[in-house]
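Got your viewer open and a cartoon view ready? Take this tour one selection at a time, and keep the mouse handy for turning things around.

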Amino acid sequence: MTFETEFKTWTGFCVSSDGHVIIHGVTEENASIIHAYNRIGKLVRTIPLNCSHKTTPYYVLEVKVEGQPSIAVSCFPCQEICLFNTTNWELRSAYKDTLKGRPKPGKICRGPKGCIIALNKVKSQSVCLFDCKDHMLQLKGTFPISINDPQGMCFVESQKYGFMLVLTKYVDGLIQAAMFNAKEVIWEHEGKIDGAICHPDGITTDGSSKVFIADNGNQRILVLDADSGSVLRTIRPDIEGMAGLAWCASSPRLAVRHKSPADLKCRITFFDV
Ligand SMILES: [Zn+2]
């Protein structure tokens, strides 16, 4: 199934636990907004964003706070994370620390126990962990990571290793898994599996043992076993201009974001895996 959004310019996206595709983009009127599309691709919600940034990355993900979903939106240049209530889409909490040397969040991914992991812009070989208790964002601490300034970041709860982070470097074609809160590498791929990995862009997990990575330069998606790093499968979606992956847990399938070749509009295609 494929549906088209109205965006020609977009940044972050995720799929919520009830199957909505939530995506940041810029409208034709040059407004920076979040759109939520239901499972048949109908636009059901619009959230305008307050900052002046438009085309710079926003990262969007759903976090469950005491069983209730919230949408976290991180603006990279603002170095700010906002938490929206998904009942009325009101802003519940925001984190921004302007003091010198304090952690500044950029890219975000889901963390352990309803927490958010954010790449720390002050020290890019570290991440900050945010708690969302009572729907309030609170900084819990900063932790080292195995590589500097990863482009892709995905948290996995492994049976074998406990909390892990899988990180990617776009330019180097590097995929690396390390224990959370450690620089110790568990496994890595340096462009050597089944032909070179070229520009990995987009990483997600099914929440158990599989990690999906868009190997953009080779127009394929790698399905990796999180514990061993071995390639379980290679998916060759017949689409051009892949730009990001998200896991849809409500009807287990992979959401692939890509560009319409005709008008460059952002499309979402779901794949059963
Ligand atoms: Zn901003």
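## The whole chain

Start with everything selected and coloured by secondary structure: the chain has 24 strands and zero helices. The radius of gyration is 17 Å, close to the 19 Å that the globule rule gives for 273 residues, so the chain is as compact as a globular protein of that length. Keep in mind that what you're looking at is a predicted model.

Now switch to the C-alpha trace and turn it around. Along its principal axes the trace spans about 45 × 45 × 30 Å. Of the 273 residues, 39% count as buried. If you could draw every contact between residues at least 6 apart in sequence, 41% of those contacts would join residues at least 24 apart.

## First stop: a sheet of four strands

Select residues 58-95. You'll catch an open sheet here, with four strands in the order β6-β7-β8-β9 and antiparallel pairing. Which strands stand at the edges? They are β6 and β9; each has a single partner strand, so one side of each is left without a neighbour in the sheet. Look across the strands and you may spot the twist, which averages 20° from one strand to the next.

Next, zoom in on β7 (residues 68-75) and β8 (residues 80-85). These two run antiparallel and are joined by six bridges. They form a hairpin with four residues between them, and in the turn Q79 has a positive phi of about 55°.

Show the residues of this pair and match up partners:

- A72 sits opposite L83 in β8.
- V73 sits opposite C82 in β8.

Here's a handy thing to know while you look at them: in a regular strand the side chains alternate between the two faces of the sheet.

Stay on L83 and look towards β9 (residues 91-95). There, the bridge partner of L83 is S93. Four bridges join β8 to β9, again running antiparallel. This pair also makes a hairpin, with five residues between the strands; W89 in its turn has a positive phi of about 60°.

## Second stop: another open sheet

Select residues 152-190. How are the strands ordered in this sheet? The order is β14-β15-β16-β17: an open sheet of four strands with antiparallel pairing. The edges belong to β14 (152-158) and β17 (185-190); each has a single partner strand, so one side of each is left without a neighbour in the sheet. The twist here averages 15° from one strand to the next.

Walk through the sheet one pair at a time. β14 and β15 run antiparallel and are joined by seven bridges. Their hairpin has three residues between the strands. Pick S158 and look across: G162 in β15 stands opposite.

Move on to β15 (residues 162-169) and β16 (residues 174-179), an antiparallel pair joined by six bridges. Try labelling these partners:

- M164 faces M179 in β16 as its opposite number.
- L165 stands opposite A178 in β16.

Then follow the chain round the turn. The hairpin of β15 and β16 has four residues between the strands, and G173 takes a positive phi near 65° there.

## Third stop: the nonpolar core

Time to look inside. Select V60, I81, V166 and A255: of the 71 residues in the largest nonpolar core, these touch the most other members. Which strand gives this core its largest share? That's β6 (residues 58-65), which supplies five residues.

Now centre the view on A255 and show what surrounds it. Leaving out residues up to four places away in sequence, A255 touches V15, V21, L245, A246, C248, I268 and F270. Give those seven neighbours their own colour and rotate slowly around A255.

## Last stop: R233

Finish by selecting R233, which you'll find in strand β21 (residues 231-235). Is R233 buried or exposed? It has 12 C-beta neighbours inside 10 Å, and a residue with 12 or fewer counts as exposed, so R233 is exposed.

One more click: add T46 and draw a distance line between the two C-alpha atoms. R233 and T46 are 187 residues apart along the chain, and their C-alpha atoms are separated by 36 Å.

Key: Residues are numbered from 1 along each chain as its sequence is written. This is a predicted model: local features need pLDDT of at least 70, side-chain atom pairs count only at pLDDT 80 or more; totals for chains, interfaces and linings use all residues. A nonpolar core is a set of buried Ala, Val, Leu, Ile, Met, Phe, Trp, Tyr and Cys residues joined through C-beta atoms within 7 Å. A residue is buried if 20 or more other C-beta atoms lie within 10 Å of its own, exposed if 12 or fewer, and partly exposed in between; C-beta atoms are placed from the backbone. Two residues are in contact if their C-beta atoms, placed from the backbone, lie within 7 Å. Two strands pair if DSSP finds at least two bridges between them. Axes are lines fitted to C-alpha atoms, for helices over the stretch in contact, and angles run from 0 to 180 degrees between N-to-C directions. The radius of gyration is taken over C-alpha atoms; the globule rule is 2.2 Å times the number of residues to the power 0.38.
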